[in-house]
Amino acid sequence: MVSIIEVSGLAKSYGNQMALHDVTFDMRPGEIVVLLGPNGAGKTTLFRCLTGLLDPSSGRIRVFDDAPRGRKVRSRIAYLTEIPDLYAGLSVIEHIRFISLLHGLDHEQDRAISLLESFGLSESQNLLPHELSQGMRKKLALSMALMQGASLLLLDEPFNGLDPKAARELRDSILQITRHGASVLISTHRLAEAETFADRALILNHGKLLADGSLEQLITSSSGITDLESVFFKLTDDDDDD
């Protein structure tokens, strides 16, 4: 199967500080992959390299078989930061219409309405961002990404600041995204949450990739451990002791 992300020997340094060191992995279409690591592990740096916001110090990145800054990539990838960047003066439906016009999709109004319905935003379509909950703002950002036609979404700590109900709704929305045909790479500290929907996990610590595999593979390879959270703490604790 063709990979949509191919990363080989990726390194990124800031002066004398190494943020990423020899990171290698790939990602296949339709996958939900969680990126796990303590604060400062290099997760956000990796996202910024994948989107072309940062240039690697060394190594190779291909996204949809192109460089991260290639035109083909920009039209197919959406990067959602922890706090979605929304327009204060635009309502929910106006955000979707703006994205439609921006990408020449103003004729697809039925699809816009369908997306709002599928994310539970129909009754909120006339509200402004400050009138939305954190969970609703994040679902709006996901709707905008799908409206633009993104087939790869990078989500940086999407569950932060959400109560359990909103987190569950967002998790369901992420699963909904894959039913629309997109793939998702998620950075999160919510390990128990990740275990309920992820196909694979990447575990970073001190800029090094410690593990890459399905949840079953990671758990099976760790004798006596039965959950992802325990795998994570064992790997990162052992790495800190080295």
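Modeller: Before we start on this predicted model, one term is needed: a crossing of two helices is left-handed if the near helix is turned anticlockwise from the far one by less than a right angle, and right-handed if clockwise.

Colleague: Okay, so which hand does the crossing of H3 and H5 have?

Modeller: The crossing of H3 and H5 is right-handed.

Colleague: And at what angle do the axes of H3 and H5 cross?

Modeller: The axes of helix H3, residues 92-102, and helix H5, residues 134-147, cross at roughly 25 degrees and come within 9 Å. Since angles under 35 degrees count as roughly parallel, that makes H3 roughly parallel to H5.

Colleague: Which residues in H3 and H5 meet there?

Modeller: From H3 there are Val92, His95, Ile96, Ile99 and Ser100, and these meet Leu140, Ser143, Met144 and Met147 in H5. Sorted by kind, the residues of this contact divide into six nonpolar, three polar and no charged.

Colleague: Switching to sheets, what is the order of the six strands in the open sheet?

Modeller: The order is E5-E6-E7-E3-E8-E9, and the pairing is mixed. Strand E5 (77-80) and strand E9 (208-214) stand at the edges with a single partner strand each, so one side of each is left without a neighbour in the sheet. From one strand to the next, the twist averages 15 degrees.

Colleague: How many bridges join E6 to E7?

Modeller: Five bridges join strand E6, residues 152-156, to strand E7, residues 183-187, and these two strands run parallel. To pick out one pair, Asp156 has Ser187 as its bridge partner in E7.

Colleague: Which strands do H5 and H6 lie across?

Modeller: H5 lies across E5 and E6, running at about 165 degrees to E5, while helix H6 (residues 164-179) lies across strand E3 (32-36), E6 and E7, running at about 150 degrees to E7.

Colleague: What about the open sheet of three strands, what is its order?

Modeller: That sheet has the order E2-E1-E4, with antiparallel pairing. Strand E2 (17-27) and strand E4 (58-63) are the edge strands, each with a single partner strand, so one side of each is left without a neighbour in the sheet. Neighbouring strands here are turned by 25 degrees against each other on average, direction ignored.

Colleague: Which residue is the bridge partner of Ala11 in E4?

Modeller: The partner of Ala11 is Ser58, and five bridges join strand E1 (residues 5-14) to E4, the two running antiparallel. Helix H1, residues 43-50, packs on this sheet, where H1 touches E1, E2 and E4, and the direction of H1 makes about 120 degrees with that of E1.

Notes: Residues are numbered from 1 along each chain as its sequence is written. This is a predicted model: local features need pLDDT of at least 70, side-chain atom pairs count only at pLDDT 80 or more; totals for chains, interfaces and linings use all residues. Side-chain values use heavy atoms; hydrogens and water are left out. Axes are lines fitted to C-alpha atoms, for helices over the stretch in contact, and angles run from 0 to 180 degrees between N-to-C directions. Helices (H or I, at least four residues) and strands (E, at least two) are DSSP runs, numbered from the N terminus. Angles under 35 degrees count as roughly parallel, over 145 as roughly antiparallel, 65 to 115 as roughly perpendicular and the rest as oblique. Contact means heavy atoms within 4.5 Å. Ala, Val, Leu, Ile, Met, Phe, Trp, Tyr, Cys and Pro count as nonpolar, Asp, Glu, Lys and Arg as charged, and the others, Gly among them, as polar. Two strands pair if DSSP finds at least two bridges between them.
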